[in-house]
Amino acid sequence: MELADCGSPERLLGVIFQHHPTWKPPIDVEAFALSVGILEFRDLEVDGFVGALMTDLEKTKGIILSAKGMGHRRRRFTIGHELGHYLIPAHRGDKSCTSADLREMRRDTLHRQEEAQANRFSAGLLMPKPSFKAHVEAMGTPDISHLQLLANTYDVSREAAANRYVELSPEMCAFVFVKDGRIRYPRPGREFPAMAIRSGDRVPQPIPRGALGPVAAAEWLQPTWAGRPPTILAQQVDQSDGHATILLFIDSDEFEETVEEDGLIDSYTPRFRR
């Protein structure tokens, strides 16, 4: 398996899965890491960091560290992330990564670009695109309960499954991660409208728990609508230690019909010459 010429995480993953066509989820990330030069896994006991990679400059061998006491599924994603740093040719030297690094998606600095690439590698290794995408599409209309099923199948955290879900789902949806009633961060899909909420904001209330229900669009979306704002359906699941996850869903068919109707209404509105 020749990985040295694979510049992007996606190209790297393509070569890896081509070499292992029989792999089924959950992927044994530790066994794979050991097969490509990782010598061992250790606990990381430095405050402020959740993962680290120690390696030589040529990256012929390395050691992966994860925060002591970290949950099994978060540890798997962290190992995948550090393995991404190890295998992506452009990433050089030792790495120390924070919780924020492990959810980074931006590319506006070299550091953020490398962390985002390591996250794409870990997500793609643990939740392979073809099987995960097919799994999501077979589930139909988004529902917060889907996250637990996906997390169990791929042996990842519910948060990792949610981030992969909005990336690969054909639906117009977003997830919002909450701690003690305040927003940790939102993760919208590509087609989801611009959001008005920010990290640290209080969660607009109330949010339906049992099934999807309507919430006020003005509290979630930026006020950029010339016509009627879309109907947003939401659903929240409460977790331990004050954590919660919120699903936001916009029916894309209804959304397109509303935009078309508003366009027609606007085109027939009489305009008088002054």
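## Strand β2 and its partners

In this predicted model, strand β2 spans residues 51-55. Four of its five residues are buried, so the strand is largely enclosed by the rest of the structure.

Strand β2 has pairing partners that include β3 and β4. With strand β3 (residues 62-67), β2 runs antiparallel, and five bridges join the two. Within this pairing, G51 has S66 of β3 as its bridge partner. The β2 and β3 strands form a hairpin with six residues between them, and in this hairpin K59 adopts a positive phi near 55°. The pairing of β2 with strand β4 (residues 95-97) is likewise in the antiparallel sense and extends over three bridges. Here L53 is placed opposite K95 of β4.

## Nonpolar cores

In soluble globular proteins, nonpolar side chains tend to be buried together. In the present model, the largest nonpolar core comprises 47 residues. The residues with the most contacts inside this core are L83, L87, F121, L125, M127, L150 and F175. Among the contributing elements, helix α7 (residues 158-168) gives the most to this core, supplying six residues. A second core, separate from the largest one, contains 20 residues, among them V178, I207, A244 and I246.

## Cysteines

A disulfide is a covalent bond between the sulfur atoms of two cysteines. With a cut-off of 2.5 Å between cysteine sulfur atoms, the count of disulfides in this model is zero. Two cysteines may be described by their accessibility. C97 counts as buried because its relative accessibility is 0%, under the 20% limit. C173 is also buried, its relative accessible area being 1%.

## Salt bridges

The structure holds 13 salt bridges. One of them links R42 to E40, with the closest N and O atoms 3.1 Å apart. Both side chains belong to residues in the intermediate accessibility class: R42 is partly exposed at 35% relative accessibility, and E40 is partly exposed with a relative accessible area of 32%.

A further salt bridge connects R106 with E104, where the closest N and O atoms are 2.8 Å apart. In this pair, R106 counts as partly exposed at 45% relative accessibility, whereas E104 counts as buried at 8%.

## Helix α7 and a shared network

Helix α7, which gives six residues to the largest nonpolar core, also carries a salt bridge. The side chains of E167 and R164 meet at an N to O distance of 3.1 Å. Because these two residues lie three residues apart in helix α7, about one helical turn separates E167 and R164. Their accessibility classes are as follows: E167 is partly exposed at 32% relative accessibility, while R164 is buried at 7%. Elsewhere among the ionic contacts, R73, R76 and D155 are joined into one network by salt bridges that share partners.

Conventions:
Residues numbered from 1 in each chain as written. Predicted model: local features only at pLDDT ≥ 70, side-chain atom pairs only at ≥ 80, totals over all residues. Heavy atoms only, no water. Buried < 20%, exposed > 50% of the residue type's maximum accessible area, 1.4 Å probe, protein only. Pairing = 2+ DSSP bridges. Core = buried A, V, L, I, M, F, W, Y, C linked by side-chain atoms within 4.5 Å. Salt bridge = Lys/Arg side-chain N within 4 Å of Asp/Glu carboxyl O.
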